[in-house]
Amino acid sequence: MNNAVIINNVVIRQDDNGRFNLNDVHKAAGYMDRHRPRYWLMSSSLRDTLAEMYRNATLDQNGVVILFIG
């Protein structure tokens, strides 16, 4: 099942392995230079956004993060 992840009216796309598109996350964070993907680890608002996305995450038997968004 593939649930849509929407933050600040931006759809965060995922690939077939469930990884989030970092450019979409950047767009959701406001497209500010300080939120550019190359600075993503330094951005507290982006860290907060990612933490919220993973708040209800679990691991499957292979150690893959499973997110339950909804």
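## Alanine 29, the core and the salt bridges

Alanine 29 is buried, its relative accessible area being 19%. This value is under the 20% cut-off, and therefore the residue counts as buried. The model is a predicted one. Alanine 29 sits in the loop between helix 1 and helix 2. Its C-alpha atom is 7.3 Å from that of serine 45, although 16 residues separate the two along the chain.

### Overall arrangement

The protein contains 2 helices and 4 strands. Along the sequence these elements follow the order β-β-α-α-β-β. There are 70 residues, and 23% of them count as buried. The accessible surface amounts to about 5,400 Å², with 49% of that area belonging to carbon and sulfur atoms. For contacts between residues at least 6 apart in sequence, 17% join residues at least 24 apart.

### Nonpolar core and surface patch

In soluble globular proteins, nonpolar side chains tend to be buried together. The largest nonpolar core here has 9 residues: Val5, Ile7, Val10, Ile12, Phe20, Val25, Ala28, Leu50 and Met53. At least two residues of this core come from each of strand 1 (5-7), strand 2 (10-12), helix 1 (22-28) and helix 2 (44-54).

Nonpolar side chains also occur at the surface, where Tyr54, Leu59 and Val65 form a patch of about 290 Å². Valine 65 belongs to strand 4 (residues 65-66). With a relative accessibility of 40%, valine 65 is classed as partly exposed. The C-alpha atom of valine 65 lies 9.7 Å from that of asparagine 17, and the two residues are 48 apart along the chain. Asparagine 17 is placed in the loop between strand 2 and helix 1. It is exposed, at 55% relative accessible area, a value over the 50% cut-off.

### Salt bridges

The structure has 2 salt bridges. Both are listed below with their N to O distances.

| Basic residue | Acidic residue | N to O distance |
|---|---|---|
| arginine 13 | aspartate 24 | 2.7 Å |
| arginine 19 | aspartate 15 | 2.6 Å |

In the salt bridge between arginine 13 and aspartate 24, the partners are 11 residues apart and link distant parts of the chain: arginine 13 is in the loop between strand 2 and helix 1, while aspartate 24 is in helix 1. Arginine 13 is partly exposed, with 48% relative accessible area. Aspartate 24 is buried, at 8%. The bridge therefore pairs a partly exposed arginine with a buried aspartate.

Beyond its neighbours within four places in sequence, aspartate 24 makes contact with Val10, Val11, Ile12 and Arg13. Among these, Val10 and Ile12 are also members of the largest nonpolar core.

The other pair listed consists of aspartate 15 and arginine 19. Aspartate 15 is partly exposed, with a relative accessible area of 32%. Arginine 19 has a relative accessible area of 52% and is exposed. Its value lies over the 50% cut-off, so arginine 19 falls in the exposed class. Neither of these two residues is buried, because 32% and 52% are not under the 20% cut-off.

Terms used:
Residues numbered from 1 in each chain as written. Predicted model: local features only at pLDDT ≥ 70, side-chain atom pairs only at ≥ 80, totals over all residues. Heavy atoms only, no water. Core = buried A, V, L, I, M, F, W, Y, C linked by side-chain atoms within 4.5 Å. Buried < 20%, exposed > 50% of the residue type's maximum accessible area, 1.4 Å probe, protein only. Contact = heavy atoms within 4.5 Å. Areas by Shrake-Rupley, 256 points an atom, 1.4 Å probe, with all protein chains shown as cover. Patch = residues over 30% accessible without salt bridge, like charges linked within 9 Å, V, L, I, M, F, W, Y side chains within 5 Å. Salt bridge = Lys/Arg side-chain N within 4 Å of Asp/Glu carboxyl O.
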